[in-house]
Amino acid sequence: MNETISIGFAITGSFCTFAKTLTLLSELVKQGYEVQPIFSNHTSHLDNRFTAAETFCKKVERITGNTGIYTIQDAEPIGPKAPFDALVIAPCTGNTMAKLVNGITDTPVLMAAKAHLRNEKPLVISISSNDNMNFRNLGMLYNAKNVYFVPFGQDDHHKKPCSLVAHVSLIPETIEAALHGRQLQPVLRSPF
């Protein structure tokens, strides 16, 4: 990349994907992206079986070199300041997708997404949810202006038939396509 691309990287509470998220963030920084982390309330406050919340957030900040956005008040200026070329929500839970569809902005991630979309810049969604095979909210967002999906598939169609998870390794390629107004294809890919 010749010029630095600035992305907001919003993380919601799909805790089982956090290890992949850390690897991906390292790769984005290595590729030259300027990355600003944004944390949902659950991500920044709930310890889980995979990691302690504070430990995870500090790792993200260390990798990106930037202090995270932790509050709705700190996310709101993203609208008027327009600091990002793209905003990524990875992982994006079914709860977050449902709230995006319905215009609910009760977390820093949702406020960041709303504020960013007002600037008509790409919002990239990396789905990670056990309840999206009804496709209602996914379909609504898929048809929304300036919203792009990281290609996804079922991660365990035998044990979790309603589960959808993005192919996280395709996030950089999805960002590049979205910056050019294109949805990376195919969106639906084979199971993991």
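I will go through the enclosed space in this structure and then its salt bridges. Please keep in mind that this is a predicted model.

Let me start with the inside. Rolling a probe the size of a water molecule over the atoms shows where empty space is left. In this structure there is 1 cavity of 30 Å³ or more. The largest cavity holds about 70 Å³ of space.

Which residues line the largest cavity? From the early part of the numbering we have Thr 17, Lys 20 and Thr 21. Then come Ala 90 and Pro 91, followed by Ser 126, Ile 127 and Ser 128. The lining is completed by Val 165, Ala 166, Val 168 and Ile 171. The elements giving two or more residues to this lining are helix H1 (18-30) and the strands S3 (86-92), S4 (123-129) and S7 (164-166). Of these, S4 gives the most, with 3 residues. Sorted by class, the lining has 7 nonpolar, 4 polar and 1 charged residues.

Now to the charged pairs. Side chains of opposite charge can pair when their charged atoms come close. How many salt bridges are there? The count comes to 3.

I will take them in sequence order. Glu 54 and Lys 58 form a salt bridge, with 3.0 Å from N to O. Both belong to helix H3 (residues 53-64), and because they are 4 residues apart there, about one helical turn separates them. Glu 54 is exposed, at 52% relative accessible area, while Lys 58 is partly exposed, at 44%.

Next is the bridge between Lys 99 and Asp 106, where the closest N and O atoms are 2.9 Å apart. Is Lys 99 buried or exposed? Its relative accessible area is 18%, so Lys 99 counts as buried, the cut-off being under 20%. Its partner Asp 106 is partly exposed, at 37% relative accessibility.

That leaves Glu 120 and Lys 145, whose side chains meet in a salt bridge at 3.4 Å, N to O. Where do these two residues lie? Glu 120 is in the loop between helix H7 (108-117) and S4, and Lys 145 is in the loop between helix H8 (136-142) and strand S5 (147-149), so the pair ties together parts that are 25 residues apart in sequence. Glu 120 is exposed, with 52% relative accessibility. Lys 145 is exposed as well, at 59%.

To recap, S4 gives 3 residues to the cavity lining, and Glu 120 sits in the loop between H7 and that strand.

Technical notes: Residues numbered from 1 in each chain as written. Predicted model: local features only at pLDDT ≥ 70, side-chain atom pairs only at ≥ 80, totals over all residues. Heavy atoms only, no water. 1 Å grid on protein atoms, 1.4 Å probe; cavity = no way out; pocket = protein on both sides within 12 Å on 5 of 7 lines; lining within 4 Å. Points joined across faces, edges and corners; volume = space filled by probe spheres on them. Nonpolar A, V, L, I, M, F, W, Y, C, P; charged D, E, K, R; others polar. Salt bridge = Lys/Arg side-chain N within 4 Å of Asp/Glu carboxyl O. Buried < 20%, exposed > 50% of the residue type's maximum accessible area, 1.4 Å probe, protein only.
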